[in-house]
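User: Please take a close look at the salt bridges in this one. I'd like to see how they sit within the rest of the fold.

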Amino acid sequence: YKEALQMLDEGIRLAKEEDHGGTELRWVQKKTGIYELMDDTSSLIACNRLMFVSNGGRMEYYHKLKRLIDTSEWHIFLTKMIEDTKKVSYGIQWVLPDIYVEEKDFEQLYTFIYNASHINRLELVQRYGLQLPSSYASSLLAIFVIDIRDYAERNMGRNYYMRVAEMLHFM
């Protein structure tokens, strides 16, 4: 295993020098397979964390890390990892609501929906509104009313009216 890891490290070094990010991540992915065979948890955590941060927070790596990290350390680890991912990738924005749902962090989920742009907020309310406890219902309804009015005022035509009708039916 040692020689294989050294070869992969050399491949990673070369990929970095040549600015081949995708190649680098493929080599890191191969390293995780070796670390799994070796049952090297700390190295698995490091590789999966790198993959999460570098790939804009893919849920695949979130799930792997959640299985690997002790529950008492998970929240602090996750918070730091999300902060680090936000620094390098905007893609995390599309994964955060799913993480909040899985973590049952309803306050963060509501805040995320509330702070989203009007255009995205309607979709977020539809997609995640039912995940929130009923105590958020009146706040979500207030957001929805404002956003649906704005959408209806800015968009004319049959297709838009059908979309408004779908959204109203949903609520």
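Analyst: First, a term we'll need: accessible areas here come from the Shrake-Rupley method, run with a 1.4 Å probe. On that basis the protein exposes about 10800 Å², with carbon and sulfur atoms supplying 54% of that area. Keep in mind that you're looking at a predicted model.

A quick look at the overall layout helps before we zoom in. The protein has ten helices and zero strands, and reading from the N terminus the elements go α-α-α-α-α-α-α-α-α-α. Its radius of gyration is 21 Å, well over the 16 Å that the globule rule gives for 171 residues, so the protein is more spread out than a compact globule. Along the principal axes, the C-alpha atoms take up a box of roughly 65 × 40 × 25 Å. Buried residues account for 39% of the 171 residues. If you take the contacts with a separation of 6 or more, 50% of them are between residues 24 or more positions apart.

Now to your charged pairs. In general, side chains of opposite charge can pair when their charged atoms come close. The structure has 13 salt bridges, and three of them make a nice tour.

Start with Asp 84 and Arg 49, whose closest N and O atoms are 2.3 Å apart. Asp 84 sits in helix H5 (residues 71-88) and Arg 49 in helix H3, so this salt bridge ties together parts that are 35 residues apart in sequence. How covered are the two ends? Asp 84 has a relative accessible area of 14%, and since buried means under 20%, it counts as buried. Arg 49, at 22%, is partly exposed.

Arg 49 also leads you towards the nonpolar interior. Leaving aside residues up to four places away in sequence, Leu 65 touches Arg 49 along with Ile 45, Asn 48, Phe 52, Trp 74, Phe 77 and Met 81. Leu 65 is in turn one of the residues that touch the most other members of the largest nonpolar core, together with Phe 52, Ile 99 and Ile 113; that core has 47 residues. Helix H3 (residues 41-54) gives the most to it, with six residues. As a general point, nonpolar side chains in soluble globular proteins tend to be buried together.

Next stop: Asp 147 and Arg 121, where the closest N and O atoms are 2.6 Å apart. This is another link between distant parts of the chain, with Asp 147 in helix H9 (residues 137-154) and Arg 121 in helix H8 (residues 118-128), 26 residues apart. Here both partners, Asp 147 and Arg 121, are buried.

The third pair stays local. Arg 154 forms a salt bridge with Asp 150, and their closest N and O atoms are 3.0 Å apart. Both residues lie in helix H9, four residues apart, which is about one turn of the helix. Arg 154 is partly exposed, at 46% relative accessibility, and Asp 150 is partly exposed as well, with 24%. Stepping back to the first pair, salt bridges that share partners join Arg 49 and Asp 84 with Lys 80 and Lys 87 into one network.

Away from the salt bridges, there are a few spots worth finding on the surface. Tyr 1, Leu 37 and Met 38 make a nonpolar patch of about 340 Å². Tyr 1 is in the segment before helix H1 (2-17); with a relative accessible area of 54% it passes the 50% cut-off, so it counts as exposed.

Finally, check two charged residues in loops. Asp 19 has a positive phi of about 60° even though it isn't a glycine; you'll find Asp 19 in the loop between H1 and helix H2 (21-38), where it is exposed at 66% relative accessibility. Lys 104 also isn't a glycine, and has a positive phi of about 55°. Lys 104 is in the loop between helix H6 (96-103) and helix H7 (106-115), and with a relative accessible area of 61% it is exposed.

Definitions and conventions:
Residues numbered from 1 in each chain as written. Predicted model: local features only at pLDDT ≥ 70, side-chain atom pairs only at ≥ 80, totals over all residues. Heavy atoms only, no water. Core = buried A, V, L, I, M, F, W, Y, C linked by side-chain atoms within 4.5 Å. Buried < 20%, exposed > 50% of the residue type's maximum accessible area, 1.4 Å probe, protein only. Contact = heavy atoms within 4.5 Å. Patch = residues over 30% accessible without salt bridge, like charges linked within 9 Å, V, L, I, M, F, W, Y side chains within 5 Å. Salt bridge = Lys/Arg side-chain N within 4 Å of Asp/Glu carboxyl O. Rg over C-alpha atoms; globule rule 2.2 N^0.38 Å.
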